[in-house]
Number of protein chains: 2
Amino acid sequence: MKVVRTIGELETAPATGLVPTMGALHAGHVALLRAARQENSRVVMSLFVNPAQFDEQSDLAAYPRDEARDLEIAEAEGVDVVFAPAADELYPPGFATWVDPGETGAEGAARPGHFRGVATVCLKLFDLVRPERAYFGQKDAQQLTVIRRLVRDLNVPVEIRAVPTVRDPDGLALSSRNGRLTREERQQALGLPRALAAAVGDPDPVAAARGSLNGLEPEYVEVLDLGDAKVLAAAIRVGSTRLIDNVLLEGELT
Amino acid sequence: MKVVRTIGELETAPATGLVPTMGALHAGHVALLRAARQENSRVVMSLFVNPAQFDEQSDLAAYPRDEARDLEIAEAEGVDVVFAPAADELYPPGFATWVDPGETGAEGAARPGHFRGVATVCLKLFDLVRPERAYFGQKDAQQLTVIRRLVRDLNVPVEIRAVPTVRDPDGLALSSRNGRLTREERQQALGLPRALAAAVGDPDPVAAARGSLNGLEPEYVEVLDLGDAKVLAAAIRVGSTRLIDNVLLEGELT
C-alpha cells in the first residue's frame, strides 16, 4: 500500500474505485472499502478531514484523528493507495472556486456551507483520482443525493455507488463521532434510531418520530425526497456531539 | 466533420483540443481553431449559446445565431467534431449544481451571475469532451483568469491556452456583438480601443482612459490583476450593444 501526500505523486489508472473518507475509520468505512475492493482492480482511499465542510470550528477541532490506525485498517482491507494530503495541498492560497449544490433542506439548512464543502472536495477528488466508481454510505443520505446530482449536473465521468448504513448491535448507526459519547450519552443517542424505526409505516412519520424521541430535542426531523427514494432523516445533539441518521420510507437508495 | 447534438453521441479521445464557442464565429474564433488544430490531433468545437451566462434576457434573445455559417467555418478550419447541444441537454430539469468562481470585480460586478454561468458550462464541457487543451481568447481576459483558477482550484486535468485578441484594421476587437452596431455606433465604439491604447504607460491608466473616451460613458474602467499580468479593462455601451476590451499593462497573458 502506497501513502501519497501530494497531488504530484498521485497517479491515475483505469478500473479504480475511490473511497473518500475523513479518517477515524469504523466498520461503515470498512463496508465501503470492501465494496470498492470487490468491484475494482485498484482501490484508492482518501483520508482528509475537509475543513471546508465543517460549519463549526469546535467540531473540526474535536473531530477524531488516528492516522496510524486508519492506515492499518486500509492496509488490511487491501487498499492500493491512500491519498492523505495536508489542507493547503487541496486549498492552496488564493483558492476561490466552489461547487454550490444548492441544497437547502435538513443538513443543508442546519449546517450552512456544509454541502458546498462536501461537493467541492468530492469534485476535486474525482478530478485527481479519476475513479471509475466512488463509494458513499447511505447514512449520509442527503450527501449521497448531493453527490449524485453533482455528477449528473456537471457530467463527471464516475459511477456513484451507495453502501447500506452499518449499525452496532444496539442499533446506533456507526459514526466517527460516536467515540465522543459517554456511556450515558450513548444510551440517550439510541433514542434516535429507535424513534426513526418506530415511525416507518406511520401515516405521519415526522410526528411519530418526534413523539417517540423521549425528550431528545431534534435539530430537524424531515422526510427527504431523494429522487429514487424517500427517507425519514433526523439530527440530534447529545451533550456536545451531533448525530444524524435516517431510515428508508419508500423506494430504494441505489 | 461530425456534428453531435447529444451527450450520448459525444466520444472522448486522447490529444483532443477543445474550442468552446457561442457561435457567430469571427476571425477571433478562427484564431482559436487554428491554434487548436496546430497543437492537437483532434479538435472539438462546442457551439452553445449558454443561457446561464447571460444576465440580461434581451442580450440572450438578441445574441446572433447562424449555425449553417458556423459549421462551414468549422469545416474549413479542420474541426473534427462540433458539439451543438440544445439547452436542456446541458441543463436538464432539476439542474441545481453550480460552479461559483467567486469573481467580483469588473465584469463580475457588472454582470451578476455571468462568471458562474461561464464556469459551470466550461467545467461541464471539460468533463464531457475531456480535452488535453482548451482555447480561450485574451479579449475576455477576466474569463481567462476565472477558467485558469477553476482548473487549478478544482484540479481539472486540462491545459488552458490563451490566444491574442484579434482586431479589425481600425482597432476594434472582434466580437460577435459587433454586427449589431450601426456605422455611426461603430465609429463611436472605436473610442474604446483608442482610449485603452492611449492609457498604456500613463501613471494613472484608469484616469487616462476615462479622460480620452470622448464622452463614451464606461460601465467600468479597471486595472485587473490577473496573476501573471495586469490589464486595463473597460466595458462600454454603444446604443443597445455592450462591448468590452482590454490592453496589457504588465506581464504576459499566457
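How many bridges join β6(A) to β7(A), and in which sense do these strands run? They are joined by 5 bridges and run parallel.

The model is a predicted one, in which local features need pLDDT of at least 70 and side-chain atom pairs count only at pLDDT 80 or more, while totals for chains, interfaces and linings use all residues. Residues are numbered from 1 along each chain as its sequence is written, and chains are lettered from A and ligands numbered from 1 in the order in which they are written.

**Stop 1: β6 and its partners in chain A**

Select residues 133-137 of chain A, which form strand β6. Helices (H or I, at least four residues) and strands (E, at least two) are DSSP runs, numbered from the N terminus. Of the 5 residues in β6(A), 4 are buried; a residue is buried if 20 or more other C-beta atoms lie within 10 Å of its own, exposed if 12 or fewer, and partly exposed in between, with C-beta atoms placed from the backbone.

Next, add β7(A) and locate F136(A), whose bridge partner in β7(A) is A162(A). Then display β2(A), which pairs with β6(A) in the parallel sense over 2 bridges; strands pair if DSSP finds at least two bridges between them. In this second pairing, L18(A) stands opposite A134(A).

**Stop 2: helix α7 of chain A**

Add α7(A), residues 141-153. Together, β6(A), α7(A) and β7(A) make a right-handed β-α-β unit: with the strands pointing away from the viewer, the path from the first strand over the helix to the second runs clockwise. The helix has 13 residues and reaches 18 Å from its first C-alpha to its last, close to the 18 Å expected at 1.5 Å a residue; the expected span is 1.5 Å times one less than the number of residues. Because 11 of its 13 residues are buried, α7(A) is largely enclosed by the rest of the structure. Among the buried positions are L144(A), I147(A) and V151(A).

Centre on L150(A). The largest nonpolar core has 130 residues, and L150(A) and L150(B) touch the most other members. Such a core is a set of buried Ala, Val, Leu, Ile, Met, Phe, Trp, Tyr and Cys residues joined through C-beta atoms within 7 Å. Beyond its neighbours within four places in sequence, L150(A) is in contact (C-beta atoms, placed from the backbone, within 7 Å) with V99(A), P101(A), A119(A), C122(A), L123(A), V156(A) and T97(B).

**Stop 3: two positive phi values**

Most residues other than glycine have a negative phi. Just after α7(A), N155(A) takes a positive phi of about 60 degrees. N155(A) lies in the loop between α7 and β7 (159-163) of chain A and is partly exposed, with 17 other C-beta atoms within 10 Å.

Move to A15(A), which has a positive phi of about 55 degrees although it is not a glycine. A15(A) is in the loop between β1 (2-4) and β2 (16-21) of chain A, and it counts as exposed because it has 11 C-beta neighbours inside 10 Å.

**Stop 4: where chain A meets chain B**

Display both chains. In this interface, 21 residues of chain B are in contact with 21 residues of chain A. The elements giving two or more residues to the chain B side are β5 (98-100), α6 (114-129) and α7 (141-153) of chain B. The most come from α6(B), with 5 residues. By class, this side has 13 nonpolar, 3 polar and 5 charged residues; Ala, Val, Leu, Ile, Met, Phe, Trp, Tyr, Cys and Pro count as nonpolar, Asp, Glu, Lys and Arg as charged, and the others, Gly among them, as polar.

Select residues 98-100 of chain A, strand β5, which is joined to β5(B) by 3 bridges in an antiparallel arrangement. Here V99(A) stands opposite V99(B).

**Stop 5: β3 of chain B**

Finish with residues 42-47 of chain B, strand β3, in which 6 of 6 residues are buried. Both faces are covered: R42(B), V44(B) and S46(B) lie on one side, and V43(B), M45(B) and L47(B) on the other. On adding β2(B), one finds a parallel pairing with β3(B) over 6 bridges, in which P20(B) has S46(B) as its bridge partner. Helix α1 (residues 27-39) of chain B completes a right-handed β-α-β unit with β2(B) and β3(B). Finally, add β4(B), residues 81-83, joined to β3(B) by 3 bridges and running parallel; the partner of M45(B) there is V82(B).

Terms used:
Contact = placed C-beta atoms within 7 Å.
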